[in-house]
Amino acid sequence: MIEHRYLPLSAEDRVAMLAAVGATAQLDLFEAIPADLRHELALPPGLSEAELVEHLGDLARGNQDLTRLSSFLGAGAYRRFIPAAVSQVMSRPEFFTAYTPYQAEASQGWLQSIFEFQSMIAELTAMDVANASMYEAASAMAEAAVMSVIESGRTRVVVAGAIHPEYLAVLRTYGAGRGFEVIQVPAADGLADLAAVEAALGDDAAALVMQQPNFLGLVEDEAGLCELAHRHGALAVVSADPVSLALLKPPGECGADIAVGECQQLGIPLWYGGPYCGYLAADKALLRKIPGRLTGETLDADGNRGYVLTLQAREQHIRRESASSNICTNQALVALGATAYLAVMGTAGLSRVAEVSTRRAHYLAEKLAAVPGYSLAHTGAYLWEFVLRCPGPAAETLARLRERGIIGGLDLGGDQAFGLGDPAAADQLLVAVTETNSVASLDAYVEALR
């Protein structure tokens with residue numbers, strides 16, 4: 001007789017199994033572990049299915065999610081409006097599978113969706129070619145650095161100003177494994193110091209890496225930094241916010257050799273931190289150095305349009321010594337969501353999202369700076385993310401806001417998850433505003449600080 005619907009073994013089955021290995025009780029299996037290290041969990045009896053559903057519902061109701069709280073968190077992951085069509089496309093059974101399309105030629109639908117993603121990213125960034133997506137922005141940036149090292153034969157990568165701390169951490173990890181040095185040039189008033197960057201470049205840097213807008217939300221002199229990189233024989237790598245490209249010059253027009261970034265804002269929910277989707281686009285001269293997958297458009301023997309994987313430089317497809325990367329695959333399903341989002345929103349929709357976010361961010365920043373004791377930490381231009389200086393520890397301001405159901409932003413002095421914890425920034429909040437933050441929520445934020 002089966003004693004539990006989820007545990008198919010009966011008591012007799014367990015006795016027989018123990019006897020087969022020469023044990024009389026289950027605890028005999030753990031004799032090798034010293035008795036003082038063993039601890040038997042006092043678990044309650046198992047729940048019925050109905051009881052379990054009720055229990056999990058009680059736990060879920062205790063969560064404070066973003067449908068209940070007003071959030072101003074950003075730092076690389078943003079709450080944006082997602083058209084219903086995006087989830088509908090991603091949920092179609094021919095796409096919604098855990099299996100990676102390793103032999104995607106068997107599915108022309110998958111290949112076409114990847115080709116459309118590549119085409120949209122190339123158009124958005126004004127670059128010649130884009131791959132089938134990366135895991136997320138951090139590994140995309142690191143893979144771009146590897147491309148630069150291979151292309152130039154140099155082993156130094158210079159990072160200009162304030163880039164995302166997690167991106168920098170992944171870049172350093174890649175550098176340790178691939179044998180290149182990562183040098184960060186500190187920001188001055190939140191922006192890259194061009195004179196300091198030029199001094200760091202020297203004549204032996206493989207790449208200059210920058211973020212636009214940078215981690216603090218400020219708009220960098222992207223064209224000036226790219227020109228500096230080329231003057232010293234280095235490749236220019238730009239990590240560009242894709243939504244910002246509706247307002248700012250794209251990397252290709254600023255002189256970038258490689259553009260990377262995060263697609264989370266393109267129709268992808270926050271999902272407790274992932275999975276997200278990175279992008280990587282490059283100049284055509286670097287086509288054969290691009291990591292991961294590339295989908296190409298061609299004609300079959302009958303003259304019909306078709307799609308194939310082509311020109312792949314990953315080690316699963318070519319000899320390892322010739323490969324530029326051993327990255328395994330792409331984020332096909334999430335990239336499909338980003339493709340659907342861009343198709344639904346179009347140029348006008350994406351511009352509208354960027355404009356509304358920027359206008360509301362500037363409205364909030366001006367109102368907050370007028371509250372006694374509060375001010376903007378930097379003087380540079382910004383879009384929808386800015387640093388607010390508080391009259392005391394930022395953690396105290398966040399705690400007061402949370403009491404009113406507001407997540408006020410990221411504490412730049414205390415968020416150890418980002419490896420920040422800079423005492424000099426203990427009074428600073430990174431505040432992000434998107435089109436999902438209503439004017440009423442902005443006014444509530446200001447009123448809470450007053």
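**Surface patch, principal pocket and salt bridges**

In this predicted model, Val21, Leu27, Leu29, Phe30, Ile33 and Leu37 make a nonpolar surface patch of about 600 Å². Leu27, one of these residues, is located in the loop between α1 (11-20) and α2 (49-61). Its relative accessibility is 54%, and Leu27 therefore counts as exposed, the threshold being over 50%.

The largest pocket holds about 1,200 Å³ of space. Its lining comprises 48 residues, and Leu66, Ala77, Leu270, Gly273 and Tyr276 lie nearest the centre. By class, 24 of the lining residues are nonpolar, 16 are polar and eight are charged. At least two residues of this lining come from each of β1 (70-71), α5 (137-152) and α6 (165-178).

Side chains of opposite charge can pair when their charged atoms come close. Ten salt bridges are present in the structure. In one of them, Glu435 pairs with Arg80, with 2.5 Å between the closest N and O atoms. This pair links distant parts of the chain, 355 residues apart: Glu435 is in the loop between β17 (428-432) and α12 (439-449), and Arg80 is in the loop between β1 and α3 (84-90). Both Glu435 and Arg80 are buried.

A salt bridge also joins Arg92 and Glu94, whose closest N and O atoms are 2.8 Å apart. Arg92 is partly exposed at 43% relative accessibility, and Glu94 is likewise partly exposed at 41%. Between Arg389 and Asp427 the corresponding separation is 3.6 Å. Arg389 belongs to strand β14 (residues 385-389) and Asp427 to the loop between β16 (410-411) and β17, so this salt bridge ties together parts 38 residues apart in sequence. Glu198, Glu227 and Arg231 are joined into one network by salt bridges that share partners.

Note on methods: Residues are numbered from 1 along each chain as its sequence is written. This is a predicted model: local features need pLDDT of at least 70, side-chain atom pairs count only at pLDDT 80 or more; totals for chains, interfaces and linings use all residues. Side-chain values use heavy atoms; hydrogens and water are left out. On a 1 Å grid over the protein atoms alone, a cavity is a set of points where a 1.4 Å probe fits but cannot get out, and a pocket is an open set with protein on both sides within 12 Å along at least five of seven lines; lining residues have an atom within 4 Å of a point. Grid points are joined across faces, edges and corners, and a volume is the space filled by probe spheres set on the points. Helices (H or I, at least four residues) and strands (E, at least two) are DSSP runs, numbered from the N terminus. Ala, Val, Leu, Ile, Met, Phe, Trp, Tyr, Cys and Pro count as nonpolar, Asp, Glu, Lys and Arg as charged, and the others, Gly among them, as polar. Patches are made of residues with over 30% relative accessible area and no salt bridge: like charges are joined within 9 Å, nonpolar side chains (Val, Leu, Ile, Met, Phe, Trp, Tyr) within 5 Å. Accessible areas come from the Shrake-Rupley method with a 1.4 Å probe; for residues, only the protein chains shown count as cover. A salt bridge is a side-chain nitrogen of Lys or Arg within 4 Å of a carboxyl oxygen of Asp or Glu. Buried means under 20% relative accessible area, exposed over 50%, partly exposed in between (1.4 Å probe, protein chains only).
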